[in-house]
Amino acid sequence: MSTKEKVKRYVSLLLVCFFLAVSIQVLADEPEYLGFARVLKDKTNLRKKPGGELIIKLNRDAAVYVVDKETDAAGMTWYRVHYNHNGINRAYSLDGFVRGDLLELSSSIFTDIVAISAEGCTLLCLRKDGRVIAAGGDYFHELDVLDWTGATEIASGNLISAAICPSGVVTTSLDPRFFSAVPDWTGVVRLVGGYSGAAGSRSDGTVALCLLTDWPDEEGMLRQMEAELRGATDLAVGSGFVVGLWEDGRAAVAGGIPDSMREAVSTWQDVVQIAAGVYHAVGLKTDGTVVVVLRPEALYESQCGVEEWAGIVAIDAGMYNTVGVRRDGTVVITDNDMGVQIDVSSMRNIAQVAAGEAFVAGLTRDGRVIFRGDYLFPGVYQGEGRIVVSH
């Protein structure tokens with residue numbers, strides 16, 4: 001190798017090292033306070049500037065988004081935050097400062113997480129110690145998890161949150177006005193949530209269904225669905241239908257759905273995971289490919305765009321999209337012709353995803369939770385969001 005070539009290679013190596021060092025420094029300099037935070041006390045002051053004029057008083061567990069940090073003359077830390085406030089006629093965003101000792105940052109809240117579940121504007125997280133975090137818009141008691149401890153399973157469904165707590169007892173938070181038939185959850189070992197509510201499977205092969213329906217003969221339909229899903233080891237709840245998965249990789253769908261959808265799902269083989277959105281059912285196969293069946297009345301087909309997906313190890317279905325995790329921990333998502341397009345290209349080291357109406361949450365392999373979506377956080381875009389951590 002000539003001296004000139006050696007010099008060129010040396011310079012190239014120096015440039016590579018320089019850019020790596022810059023990249024590492026940028027990552028190291030990323031402020032850990034950026035992101036969502038939870039207000040720790042009632043009547044916490046949101047001020048125009050540190051120690052300045054009062055804007056509004058915040059309730060305990062209110063969700064704010066931290067964008068900057070300042071230190072006042074006395075050495076007190078203040079965080080600059082965005083807060084969505086529900087006014088009399090509309091929701092609007094406020095910008096101000098909150099004292100640092102009155103906030104719990106996202107980097108502290110969403111750690112040691114072992115499972116996540118999302119639906120609509122709600123996200124549930126299960127901590128390693130059995131405590132539950134509920135985040136989003138608390139419209140119909142979905143965030144009433146303060147007393148949930150020792151949980152082993154969680155499920156976020158439309159207008160309902162559920163968890164399996166000590167001794168196998170299933171605890172739910174729901175508005176009884178919307179659920180006319182709440183099942184006996186005794187013996188349930190697996191819980192799932194979805195657009196029509198929640199469902200559970202028992203070790204004896206029976207299932208429990210807690211669904212929002214408008215069927216004329218609701219009791220008769222639920223009994224028929226329970227019979228059709230008997231023996232399923234996993235379930236997925238869509239709009240007026242439930243998908244079941246059996247140990248041998250077969251799948252079936254039950255409920256008020258057209259025969260074409262029922263027949264299409266019955267052809268699935270070698271399926272290891274299932275999910276469901278409003279109008280679609282999703283299956284992950286052992287070879288890492290994904291299959292989707294759409295209800296014929298769906299207006300758009302964008303959630304079916306999974307033909308080129310490969311190497312997928314986990315899936316979830318949003319209301320109108322489909323999300324997958326690749327073996328390398330990156331995430332793929334279909335288009336959403338019904339609403340928000342979510343950019344997941346920067347998500348890394350992901351083990352599980354949970355899709356809400358306008359956001360995607362990713363559980364990293366080291367137990368953290370990150371969010372993506374135009375609104376960044378469940379529920380906040382519709383007004384006041386909350387983050388509740390069980391005791």
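# A tour from the β26–β27 hairpin to the aromatic pairs

Start by selecting residues 350–355 and 360–364, which are strands β26 and β27. A hairpin joins β26 to β27 through four residues. The model on screen is a predicted one. The two strands run antiparallel and are paired over five bridges. To see one bridge, pick Val353 and look across to Gly362, its partner in β27.

**The whole chain**

Now zoom out. The protein contains four helices and 29 strands. Of its 391 residues, 52% are buried. Show the surface next: about 18,200 Å² is exposed, and carbon and sulfur atoms supply 50% of that area. Take the contacts between residues at least 6 apart in sequence: 47% of them join residues at least 24 apart.

**A sheet of four strands**

Select β8, β9, β10 and β29. These strands form an open sheet in the order β8-β9-β10-β29, with antiparallel pairing. Which strands are at the edges of this sheet? They are β8 (113–119) and β29 (386–389), each of which pairs on one side only. On average, neighbouring strands of the sheet are turned by 15° against each other, direction ignored. Strands of a sheet pair through backbone hydrogen bonds.

Inside this sheet, look at β9 (residues 122–127) beside β10 (residues 132–136). Five bridges hold this antiparallel pair. Leu124 has Ala134 in β10 as its bridge partner.

**The largest nonpolar core**

Keep the sheet on screen and add side chains. In soluble globular proteins, nonpolar side chains tend to be buried together. The largest nonpolar core here has 19 residues. Select Phe110, Ile116, Leu123, Cys125, Ile133, Val369 and Ile387, the residues with the most contacts inside this core. At least two core residues come from each of β8, β9, β10, β27, β28 (369–372) and β29. Which strand gives the most to the core? It is β8, with three residues.

Centre the view on Cys125. Leaving out residues up to four places away in sequence, Cys125 touches nine residues that you can pick in turn: Phe110, Ile113, Ala115, Ile116, Arg131, Val132, Ile133, Ile154 and Val369.

**Aromatic pairs**

Show the aromatic rings. The whole structure has five aromatic pairs. Go to Phe36 and Tyr65: their ring centres are 4.7 Å apart and their planes are at 70°, so this pair is edge-to-face. Phe36 belongs to strand β1 (residues 35–39) and Tyr65 to strand β4 (residues 63–71), so the pair ties together parts that are 29 residues apart in sequence. Are the two residues buried or partly exposed? Phe36 is buried, because its relative accessible area is 7% and the cut-off for buried is under 20%. Tyr65, with a relative accessible area of 26%, is partly exposed.

Move on to Tyr279 and Tyr320. This aromatic pair is tilted, with 6.5 Å from centre to centre and 35° between the planes. Tyr279 is in the loop between β20 (271–276) and β21 (280–285), and Tyr320 is in the loop between β23 (312–317) and β24 (322–326), so the pair ties together parts that are 41 residues apart in sequence. Tyr279 is partly exposed at a relative accessible area of 27%, whereas Tyr320 is buried at 18%.

For the last stop, return to Phe36 and Tyr65 and add Phe110 and Phe371. These four residues form one aromatic cluster. Phe110 was also on the list for the largest nonpolar core.

Definitions and conventions
Residues are numbered from 1 along each chain as its sequence is written. This is a predicted model: local features need pLDDT of at least 70, side-chain atom pairs count only at pLDDT 80 or more; totals for chains, interfaces and linings use all residues. Side-chain values use heavy atoms; hydrogens and water are left out. Buried means under 20% relative accessible area, exposed over 50%, partly exposed in between (1.4 Å probe, protein chains only). Contact means heavy atoms within 4.5 Å. Accessible areas come from the Shrake-Rupley method with a 1.4 Å probe; for residues, only the protein chains shown count as cover. Two strands pair if DSSP finds at least two bridges between them. Axes are lines fitted to C-alpha atoms, for helices over the stretch in contact, and angles run from 0 to 180 degrees between N-to-C directions. A nonpolar core is a set of buried Ala, Val, Leu, Ile, Met, Phe, Trp, Tyr and Cys residues joined through side-chain atoms within 4.5 Å. Rings of Phe, Tyr and Trp (its six-membered ring) pair if their centres lie within 6.5 Å; planes under 30 degrees apart count as stacked, over 60 as edge-to-face and the rest as tilted.
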